[in-house]
Amino acid sequence: MKNIKKEHALLNFIKYGPILFVLSLSFIITEITLEDRKKTFIEDIKHIEQDFLLTNKKRIKEEVEEVYNYILDEKQNSEKLLKVEIKNRVYEAHQIATNIFKNETNLEEGHVHSQEHIFNSVKYALGGIIYNKGRGYIFMDDIHGTKLLQPLNKELEGKNLLNFKDAKGYRFVHKIINTIKNKTEAYDSYYWYKAGDKENAYKKISFYKYFAPLNVAIGTGEYILDFENELKEKVLKRINKKRYAQKGYIFIYDKEGKTLSHYNQNLLGQNRINYQDKQGRYLVNEIVEFGRNNTEGYLKYESSVNPLNNIKTNAKISYIKSFNDWGWSIGTGFYTDTLVKEIEKKKNSLEQANDQSLKKIIYASIVITFIFIIISFFISKIIKNSFKEYRESLNEEIKKTIEKDQQLIQQSKMAIMGEMIGNIAHQWKQPLNLISMSNGLVQLNQENKEIGSKEEVEKATQNIDNAVNYLATTIDDFQDFFRPNKEKETFKIKETLSKTCNLISSQFKNDNIEVIKEIDDIEVYGFHNELLQVMINIFKNAKDELVKLDIGKRLIFINVQKNEKEVTIRIKDNAGGIPEEIIDKVFDSYFTTKNDKEGTGIGLYMSEQIITNMSGTITVQNVEYDIDNTKYKGAEFKITLPIQ
């Protein structure tokens, strides 16, 4: 009666449930769609903002990188350019000296000038060569290290500078002497003091060329700092003219805060290190810090200068990168006002789209709801009839399933019984042989007292008693095995495993299989005999695989451990493991790799059912392990059972 009421309630639910479901679903879909529109709007705004920021950040970074690489190229080429320039200067001076020598030595006979006169003529001519805004000059040295010409420092002329050292202890005059001795030309670099600055030494690059007629070296040099300062002026002049996109420009500050490049030409040359914006930030100082720390990155701030007339805010994001060699902070940026306009435009567009979508959704919901109501009436009738047919077929299937499970369980028991009968035969062979031999000795002794001593007869009698007791114990173990457990009980794992080994010991001994145990004395909760059946199934499968192999040792390892809640039983062999393509199928019903005579395919399936019924788990995997420096591989079954 109770089931009939439930059936009527279910049928009413089938009849009226879809109508209520459709009405509720329509309402929910409408609400979800509207909410989704709101979320989409918010996400679209986020995407617009992210795309805008990413695009512009990428652009300004590329602009800064382009300028940075331009400066770097100029800086790296500066020393090469300097070397070319001073070499050309020396070559020009060398050519002037050569021309003077030719003119002085090609006079009519008797009018050839002396060596001293020629030297003075060359010295006078070269001493007048001044270049690079008065910094550059030509000098001459002889093979002894004496300074013969020094236009900008007459005090050094005539002095021997052989042992002179630069600021770092380098005797640069030796290079000049070697150039004369080798009759060649050479570059050199050293650190020397500039005119008016005797405290700081600066790197200077020089070039020497041997002049054979006077056996001297003609040379010149230039401070890299002076050359780079001119280079900086050229670089900054070009950068100040650079524009991109909508009046985008590059700004540069040195490490002291001096403005080197800017859109506002009035700021050039000004030191703005202490400039504060409207928020009180020392903006230029923050930019300069990038250069001081040799870092790069983005900076957000309110700009004091805005070349765009059509924006409402000076909010700006700039990318700053330091050029450490010159102490410059290079940057450019973009104004975020354009983003605000984009968002407002998108917002208006989305609001219009939302209004139109809302009208469409409401109309569609009404139409779909009406259609679903009509359909649900027809479907509910069909379902009602189908439900009755399904109930009848389901009852039939349940009946068949119960019969199938009973047959499967009986088949499993019969398979185990066959194994056990074989085990009984193996177990009884040795004690029966012992009884037969001992009994024969006793009979012969009764017929002829001289056959067998008293001690031998007593020992034979004792052997008969021991064998009979062994047979009785064995049959009790087999009888316990086939006695079904009706209820779960607490039992000791060690005893169960010992009984398992006793039941199959004779087969293992005949097949030279050694069982290695590592078992703690642990109690578990479950079905004792059913667990015994699982163990026998696993041991039998291991034995069947081991006997196929021609190996030195056939081993089965048993390990039992526990924690606070459960016991873990591991059983592994050295039979090489289960093929990977079938290892996931070994617990399936009727799955077997053996032929019809050797296996039914229900042993491991029933084992899994038994362990699951005991609230435990059983799994299998292939493992590799070392024991006594020997590597083994095999299948490992892992069983976990609750302690209580």
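The following legends accompany close-up views of a predicted model.

**View 1. The protein chain as a whole.** The protein chain of this predicted model contains ten helices and 19 strands, and of its 644 residues 40% are buried. Among the contacts in the protein chain with a separation of 6 or more, 62% are made by residues 24 or more positions apart. Carbon and sulfur atoms account for 51% of an accessible surface of about 38600 Å².

**View 2. An open sheet of five strands.** Read across the sheet, the strands follow the order 9-8-12-11-10, and their pairing is antiparallel. Strand 9 (259-261) and strand 10 (296-302) each have a single partner strand and stand at the edges, so one side of each lacks a neighbour in the sheet. From one strand to the next, the twist averages 30°.

**View 3. The pairing of strand 11 with strand 12.** Strand 11, covering residues 315-323, and strand 12, covering residues 328-335, are joined in the antiparallel sense over eight bridges. Ser318 has Gly333 of strand 12 as its bridge partner. In general, the strands of a sheet pair through backbone hydrogen bonds, in either a parallel or an antiparallel manner.

**View 4. Helix 4 against the sheet.** Helix 4, formed by residues 224-240, lies across strand 8 (251-253), strand 9 and strand 12, and the helix runs at about 65° to strand 9.

**View 5. Helix 5 against the sheet.** Helix 5, formed by residues 283-292, lies across strand 8, strand 10, strand 11 and strand 12. With respect to strand 10, which stands at an edge of the sheet, helix 5 runs at about 180°.

Technical notes
Residues numbered from 1 in each chain as written. Predicted model: local features only at pLDDT ≥ 70, side-chain atom pairs only at ≥ 80, totals over all residues. Heavy atoms only, no water. Pairing = 2+ DSSP bridges. Helix = DSSP H or I, 4+ residues; strand = E, 2+ residues; numbered from the N terminus. Axes fitted to C-alpha atoms, helices over the stretch in contact; angles between N-to-C directions. Contact = heavy atoms within 4.5 Å. Buried < 20%, exposed > 50% of the residue type's maximum accessible area, 1.4 Å probe, protein only. Areas by Shrake-Rupley, 256 points an atom, 1.4 Å probe, with all protein chains shown as cover.
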